[in-house]
Amino acid sequence: MTEDRAATPEQPGSQWYDSEAGPLVRPYAMTGGRTESRPAGVRFDLIALVTLDTGAPGTGADTALGPEHRALVELCRAETQSVAELAADTDLPVGVVRVLLGDLLELGCVTVSRPVPPAHLPDERILREVIDGLRAL
């Protein structure tokens, strides 16, 4: 009979998970029990774009950021990512990613571009008329 045990920290290259229970670190532990991001009134839409602020002092590896914060910073280092992409790439719940991004935003490590509301987008009819006019040239 074989035992299916969780990996221990003494094993090199081991991960903190149990194959049946999933990750041993629960989401509330990653966020310090918080469910809302720190900057008051900041809401991260799923399609909001997160960019690493390379001039920020807190983006180096020697900072006191947690491993989840550093994972988000590394993903944003390569290219601008949406909140949904960051959640998928880190395999974390979106709520946790929003709280962690709030921490990074507060530290000045990232900038967030809000999506354009549909009411501010040009009307489709106008765009079609412009295309038709360009084709007529």
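## Around Asp91, Thr90 and the three-stranded sheet

Reader: Let's start with Asp91. Where does Asp91 lie, and is Asp91 buried or exposed?

Author: This is a predicted model, and in it Asp91 sits in the loop between helix 3 and helix 4. Its phi is near 60°, a positive value in a residue other than glycine. The relative accessible area of Asp91 is 69%, and the cut-off for exposed is over 50%, so Asp91 counts as exposed.

Reader: What about Thr90, is that one buried or exposed?

Author: Thr90 belongs to helix 3, which covers residues 83-90. Leaving aside neighbours within four places in sequence, Thr90 is in contact with Ala71, Leu72, Leu75 and Val97. Buried means under 20% relative accessible area. Thr90 has 18%, so the verdict is buried.

Reader: Which backbone oxygens does the side chain of Thr90 reach?

Author: There are a couple to look at here. The side chain of Thr90 reaches the backbone oxygen of Ala87 at 3.4 Å. It also gets to the backbone oxygen of Leu86, at 2.7 Å. So to name the residues, they are Leu86 and Ala87.

Reader: How do the strands of the open sheet line up, and in what order?

Author: Strands of a sheet pair through backbone hydrogen bonds, either parallel or antiparallel. Here strand 3 (residues 49-52) is joined to strand 4 (residues 81-82) by 2 bridges, running antiparallel. Another 4 bridges join strand 3 to strand 5 (residues 110-113), again antiparallel. The open sheet of 3 strands therefore has antiparallel pairing and the order 4-3-5.

Reader: Which strands stand at the edges, and why is one side of each left without a neighbour?

Author: In the order 4-3-5, strand 4 and strand 5 each have a single partner strand, so one side of each has no neighbour in the sheet. The edge strands are strand 4 and strand 5.

Reader: Which helix packs on that sheet, and at about what angle to strand 3?

Author: The helix in question spans residues 67-78 and touches strand 3 and strand 4. Its direction makes an angle with that of strand 3, and the pair of values you want is helix 2 and about 90°.

Reader: Zooming in on strand 3, which residues stand opposite Leu49?

Author: Leu49 is on the uncovered face of strand 3 along with Thr51, while Val50 and Leu52 make up the covered face. Thr51 stands opposite Thr111 in strand 5. For Leu49, the residue opposite in strand 4 is Ser82, and in strand 5 it is Ser113.

Reader: How do helix 2 and helix 4 cross?

Author: Two packed helices are described by the angle between their axes and the distance between the axes. The axes of helix 2 and helix 4 (residues 94-107) come within 10 Å and cross at roughly 80°. That makes the two helices roughly perpendicular. The contact involves Glu68, His69, Leu72 and Val73 of helix 2, and Val97, Leu100, Leu101, Asp103 and Leu104 of helix 4.

Reader: Which element has the lowest mean pLDDT, and which the highest?

Author: The protein chain averages a pLDDT of 75, with 65% of the residues scoring at least 70. Over residues 1-13 the pLDDT is below 50. Among the elements, the lowest mean, 52, belongs to strand 1 (residues 17-18), and the highest, 92, to helix 3.

How values were computed:
Residues are numbered from 1 along each chain as its sequence is written. Side-chain values use heavy atoms; hydrogens and water are left out. Buried means under 20% relative accessible area, exposed over 50%, partly exposed in between (1.4 Å probe, protein chains only). A polar contact is a pair of N or O atoms within 3.5 Å; within protein, one must be able to donate a hydrogen and the other to accept it, and residues adjacent in sequence count only if both atoms are side-chain atoms. Contact means heavy atoms within 4.5 Å. pLDDT is the predictor's confidence in each residue, from 0 to 100. Two strands pair if DSSP finds at least two bridges between them. Axes are lines fitted to C-alpha atoms, for helices over the stretch in contact, and angles run from 0 to 180 degrees between N-to-C directions. Angles under 35 degrees count as roughly parallel, over 145 as roughly antiparallel, 65 to 115 as roughly perpendicular and the rest as oblique.
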